[in-house]
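User: I should like to learn how to read the features of a protein model. Could you please guide me through this one?

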Amino acid sequence: MSVAGSPVVALTDEAGAFTLTGVPAGAATVTVSYLGLADTSAAVEVAAGRAASLNIALGGEAGVTVDAVVVMSQRIAQNDALNRYRNSDAIANYVAADDIGQFVDQNVAESLQRLPGVSITRDQGEGRFVSVRGVGPGLSTVTVNGMRIGTPEDSDRAVPLDVIPSGSIDLLEIVKVPTPNMPGDAIGGSIDVRSGSPFNENQNYNFRYRLEGSYSELSEDFNPEARLNYTSLFSVGGGQDNLGVSLGMNYLDRTFESNNLEAAYSFNDDLGDDEFVIEEIQLRKYFVNRERFGANLNLEYRPTANDTFFANALFSRFTDAETRQRSIFVFADAT
């Protein structure tokens, strides 16, 4: 946003709040710009040495006149991600929660694969490790709400992101080129998983749920999935709502099977000249059960326009039970 006739500009926070400093006394016109919406202007009278309050409601989509309004969360999510990208000081990409909800991604790794320059490795068909710009997963850092997390692997720095369900997050951010204020070990990039703020919602009360199910034909099992999200704003001490509570829970139980055929080849001189032949075949059968449970609780208190107190908690439990049957046929000795 900007003030007409002056160099004063500012950016809003995630809830749309803003503060303009150095505005000359007298009548002023404030213009708000947001990618995907038409610019909106409002007049305000500024007294010398005193603060003035101004509420601005953004208009409709830029350059579009419609007779009816159709609400589509995917468009809102795209605008949110693009505006964050435009205002970022680093080379970064974002995935908003509404975009995540449009797909059947089971975990954070699978949600990140939709960003440019990002690839993932899979285990039994599910995304696990994330590679940024072709650099190994072990050379990227992972944070949750800005706090560094470690890895359960005993011999690798790579953080398996399949342990965090996609239903527990509000925003995903990938910084592909770390800035000077970031840890120096993020050679590949930095991944930040955010659980969101209750003030990001456009309503004082919001309750969302999602129920899904899938059927595995090979194992003949039905796999349920459920997500619940609750957000509410309260007023403490009277006046505007200044206390926000956000609670989310999600559950997934997936049972499936897979068949695998692996072969080993090598050069063999028993036939005279070196021949490239098969030496071993392994027939494998996997029985897999993966269960995910996630919960997040966010409390945020804003006593004034410039002060924010918050407490964020994210819990994730992931169990992976695999049983493998294997038959090995060895041909190396020609017996």
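Analyst: The following dialogue takes the features one by one. Please keep in mind that this model is predicted.

User: How many helices and strands are in the protein chain?

Analyst: The protein chain holds three helices and 15 strands. Of its 335 residues, 34% count as buried. The chain exposes about 19,500 Å², and carbon and sulfur atoms supply 53% of that area.

User: How should I read an open sheet, and which strands stand at its edges?

Analyst: As a general idea, the side chains in a regular strand alternate between the two faces of the sheet. In this structure, one open sheet has three strands in the order β1-β2-β3, with antiparallel pairing. The edges are β1 (2-3) and β3 (40-46); each has a single partner strand, so one side of each is left without a neighbour in the sheet. Two bridges support the antiparallel pairing of β1 with β2 (residues 26-32), and Ser-2 stands opposite Thr-31 in β2.

User: What is found in the loop between β1 and β2?

Analyst: Asp-13 is found in that loop. Its relative accessibility is 33%, and because buried means under 20% and exposed over 50%, Asp-13 counts as partly exposed. Asp-13 and Asn-200 are 187 residues apart in sequence, yet their C-alpha atoms are 9.5 Å apart in space.

User: How can I read a hairpin, and which residue takes a positive phi in the hairpin of β5 and β6?

Analyst: Begin with the pairing of the strands. Six bridges join β5 (residues 118-123) to β6 (residues 126-132), and the two run antiparallel. Val-118 stands opposite Val-132 in β6. Two residues lie between the strands of this hairpin, where Gln-124 takes a positive phi near 55°.

User: Which residues touch the most other members of the largest nonpolar core?

Analyst: A nonpolar core is a set of buried residues joined through side-chain atoms within 4.5 Å. The largest one here has 19 residues, and those touching the most other members are Val-108, Leu-112, Val-130, Leu-161, Leu-172, Ile-174 and Ile-191. Two or more residues come from each of α3 (108-112), β5, β6, β7 (140-144), β9 (171-175) and β10 (189-194). The most come from α3, which gives three residues. A second, separate core of eleven residues includes Met-1, Val-8, Val-32 and Val-46.

User: With which residues is Val-130 in contact, leaving aside its neighbours within four places in sequence?

Analyst: Val-130 is in contact with Ala-109, Leu-112, Val-118, Ser-119, Ile-120, Pro-137, Leu-161 and Ile-191. For the chain as a whole, among contacts between residues at least 6 apart in sequence, 57% join residues at least 24 apart.

User: How many aromatic pairs does a search of the whole structure find?

Analyst: The search finds five aromatic pairs. One of them joins Tyr-265 and Phe-276, whose rings are 5.8 Å apart centre to centre with 20° between the planes, and this pair is stacked. Tyr-265 lies in β13 (residues 243-268) and Phe-276 in β14 (residues 275-304), so the pair ties together parts that are eleven residues apart in sequence. Tyr-265 and Phe-276 are both exposed. Together with Phe-267, they form one aromatic cluster.

User: Where does the charged end of Arg-254 sit?

Analyst: The charged end of Arg-254 sits over the ring of Phe-256, 4.0 Å from the ring centre. Arg-302 likewise lies over the face of Phe-199, at 4.4 Å from the ring centre.

Notes:
Residues numbered from 1 in each chain as written. Predicted model: local features only at pLDDT ≥ 70, side-chain atom pairs only at ≥ 80, totals over all residues. Heavy atoms only, no water. Phe/Tyr/Trp six-rings, centres within 6.5 Å; stacked < 30°, edge-to-face > 60°. Helix = DSSP H or I, 4+ residues; strand = E, 2+ residues; numbered from the N terminus. Buried < 20%, exposed > 50% of the residue type's maximum accessible area, 1.4 Å probe, protein only. Lys NZ or Arg CZ within 6 Å of the ring centre and 35° of its normal. Pairing = 2+ DSSP bridges. Contact = heavy atoms within 4.5 Å. Areas by Shrake-Rupley, 256 points an atom, 1.4 Å probe, with all protein chains shown as cover.
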